[in-house]
Amino acid sequence: GGDIVITPVIHASVQIEYNGLVIQVDPWSAADLSTLKPADLILVTDNPGHHLDSGAIEFLSKADTPVVITSAGEDAWPDGRVLSNGESAVFAGVEVRALPAYDLTPGRPVHPKGDANGYLLTLGGQRILLAGVTQCVPEIQALRDITVAFLPMNLPVDRMRPIPVAECLKTFTPEIVYLYHYDQRYASWLGNPEGAPPADLQDTPATIRAFQAAIEELSIDFRDRRWYPER
């Protein structure tokens, strides 16, 4: 049916194109939205503003674009199509399954089970995982036959550090992996850019290199893309 074209945008925001269809995931106004294409389908993984940005949704929506949200996002986008953890549906001709996205490690910020979604898409027979803000929960480990996986890294309270992300990949071995949502302090500043950008205290490039070294033995194509503007 044609190529699947993936465009990393910013932080957790991704544009996916297939056979004339455009899917926007977590569109965020911190990016230059004018460079993106109007969406036939919008998927929102969580309710904070860098995931559920009503201005970005309005900018990229067509008159009949379905916006898939979690139950936690109903107040911010009342016209959204709520898809709860474990549910599946077809939107704009795309099979979409909502996966739980939640914390295993206690501490704040808290991401309890049921509040947020990952999404599993099927396009042209290929399965694409957008894990959302989650740890390597059993529902992810149980997946099989994943072509492309988007996984978060460097989450707060020492969640999803590089080696645990690599270990997570060993449980379901996708063909291709993208890291995303991995510079939280910088993303917070991008949402409210006052003063100078924050220092990169976690040494983000080093965390990416550590991840890459940890998966060298795996037959997984790691696609390292620029998800954040230069500081």
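In which sense do strand β4 and strand β5 pair, and over how many bridges? Select residues 41-43 for β4 and residues 67-69 for β5: the two strands pair in the parallel sense, over two bridges. Within this pair, isoleucine 42 has valine 67 of β5 as its bridge partner. The model on screen is predicted.

Next, show the whole sheet to which these strands belong. It is an open sheet of six strands with mixed pairing, and the order is β1-β2-β3-β4-β5-β6. Its edges are β1 (4-10) and β6 (81-82); each has a single partner strand, so one side of each is left without a neighbour in the sheet.

Move on to the other sheet. Seven strands form an open sheet in the order β7-β8-β9-β10-β11-β12-β13, again with mixed pairing. Here β7 (88-91) and β13 (221-222) are the edge strands, and because each has a single partner strand, one side of each lacks a neighbour in the sheet.

Inside this sheet, select residues 126-130 (β10) and 148-152 (β11). These strands run parallel and are joined by three bridges. Leucine 130 is found opposite phenylalanine 150 in β11. Now add residues 162-172, helix α3, which packs on the sheet and touches β10, β11 and β12 (176-180). The direction of α3 makes about 150° with that of β11.

Helix α5 is the next stop; select residues 204-214. Its buried residues are Thr204, Thr207, Ile208, Phe211 and Ala214. Looking down the axis of α5, these buried residues fall within an arc of 125°, so they line one face of the helix. They pack against α3, β12 and β13.

Then select residues 184-191, helix α4. Gln184, Tyr186, Ala187, Trp189 and Leu190 are its buried residues, and they pack against β1. At the N-terminal end of α4, aspartate 183 acts as a cap: one of its side-chain oxygens lies 3.3 Å from the backbone nitrogen of tyrosine 186.

Finish with the nonpolar cores. The largest has 71 residues, of which Ile23, Leu129, Phe150, Phe172 and Phe211 touch the most other members. Centre the view on isoleucine 23: leaving aside residues up to four places away in sequence, it touches Val14, Gln15, Ile16, Leu41, Leu43, Val94, Leu121 and Leu123. A second core, separate from this one, has eight residues, among them Ala39, Val44, Ile57 and Trp77.

Terms used. Residues numbered from 1 in each chain as written. Predicted model: local features only at pLDDT ≥ 70, side-chain atom pairs only at ≥ 80, totals over all residues. Heavy atoms only, no water. Pairing = 2+ DSSP bridges. Helix = DSSP H or I, 4+ residues; strand = E, 2+ residues; numbered from the N terminus. Contact = heavy atoms within 4.5 Å. Axes fitted to C-alpha atoms, helices over the stretch in contact; angles between N-to-C directions. Core = buried A, V, L, I, M, F, W, Y, C linked by side-chain atoms within 4.5 Å. Buried < 20%, exposed > 50% of the residue type's maximum accessible area, 1.4 Å probe, protein only. Arc of directions from axis to C-beta. Polar contact = N/O pair within 3.5 Å; in protein donor to acceptor, adjacent residues only side chain to side chain.
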